[in-house]
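User: I am new to this structure and would love a close look at one helix. Could you walk me through it slowly and then show me what surrounds it in the rest of the chain?

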Amino acid sequence: MANQALTTSDTVPPVSRQRVLVVDDETSILFAYSKLLGSQGYCVDTCENFSDAIALIGTFTYLSVISDMRLEGTGNEDGIKLMHFTREMQPEARIIVVTGYGTAELKNEVKRLGAAYYFEKPICPSIIMTALQTLGNTAHSSADQATTV
């Protein structure tokens with residue numbers, strides 16, 4: 001299903017459900033996040049690449065964008081570009097970075113760009129759930145109040 005966005009819902013969710021976008025080039029990770037987050041009441045959209053992610057960000061409003069940094073076999077450039085695009089289009093959306101290629105330099109860069117959380121793979125699913133719940137509780141608060149890990 002390359003180059004095609006995978007979504008669990010093509011309609012705007014009820015106000016009570018918060019929408020989350022998960023971007024990763026590994027379909028097994030997308031499937032796992034979709035099942036986990038969906039079971040907790042989130043409306044989850046997933047996609048495998050930068051171009052599908054920007055299309056979804058241009059269409060829907062997100063509580064959070066959870067993104068890998070390396071998409072389509074690239075370096076971290078796609079992830080950084082996606083962070084910039086998300087900040088521009090949806091400044092209220094909170095960014096959670098999950099990467100298998102973390103470095104101190106990358107961690108500092110994503111913090112500087114305003115990521116709410118930075119995690120290195122493998123990551124326990126309960127940590128992502130806790131981060132999302134915290135973001136949901138502070139969605140209308142100042143960006144300065146979010147915790148960066």
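Analyst: Happy to! Let us start with the outward-facing part of the helix. In this predicted model, Ser28, Phe31, Lys35 and Ser39 of helix H1 are exposed. They lie on the other side of H1 from a second group, Ile29, Leu30, Tyr33, Ser34 and Leu37, and the residues of this second group are buried. Why can we speak of a side here? The buried residues cover an arc of only 130° around the axis, so they sit on the same side of H1.

Now for the length of the helix. H1 runs over residues 27-39, which makes 13 residues. At 1.5 Å a residue, H1 should span 18 Å, and because its end C-alpha atoms are 18 Å apart, the expected and the computed values agree. Just after H1 comes Gly41, which takes a positive phi of about 95°.

A little further on in the numbering is Cys43. With a relative accessibility of 1%, under the 20% cut-off, Cys43 counts as buried. Another cysteine, Cys124, is partly exposed at a relative accessible area of 40%. A search of the whole structure turns up zero disulfides.

Let us step back to see where the helix belongs. The protein chain has five helices and six strands. Read from the N terminus, these elements follow the order β-β-α-β-α-β-α-β-α-β-α, so H1, being numbered from that end, is the α that comes after the opening β-β. The chain has 149 residues, of which 44% count as buried. Among its contacts between residues at least 6 apart in sequence, 66% join residues at least 24 apart. On the outside, the protein chain exposes about 7600 Å², with carbon and sulfur atoms supplying 52% of that area.

Finally, have a look at the aromatic rings beyond the helix. The structure holds two aromatic pairs. In one of them, the rings of Phe60 and Tyr62 have centres 6.5 Å apart and planes at 70°, so this pair is edge-to-face. Phe60 counts as buried at 10% relative accessibility, and Tyr62 is buried too, with a relative accessible area of 4%. In the other pair, the rings of Tyr117 and Phe119 have centres 5.7 Å apart and planes at 10°, which means that they are stacked. Both Tyr117 and Phe119 are buried.

Terms used
Residues numbered from 1 in each chain as written. Predicted model: local features only at pLDDT ≥ 70, side-chain atom pairs only at ≥ 80, totals over all residues. Heavy atoms only, no water. Helix = DSSP H or I, 4+ residues; strand = E, 2+ residues; numbered from the N terminus. Expected span 1.5 Å × (residues − 1). Buried < 20%, exposed > 50% of the residue type's maximum accessible area, 1.4 Å probe, protein only. Arc of directions from axis to C-beta. Disulfide = S-S within 2.5 Å. Contact = heavy atoms within 4.5 Å. Areas by Shrake-Rupley, 256 points an atom, 1.4 Å probe, with all protein chains shown as cover. Phe/Tyr/Trp six-rings, centres within 6.5 Å; stacked < 30°, edge-to-face > 60°.
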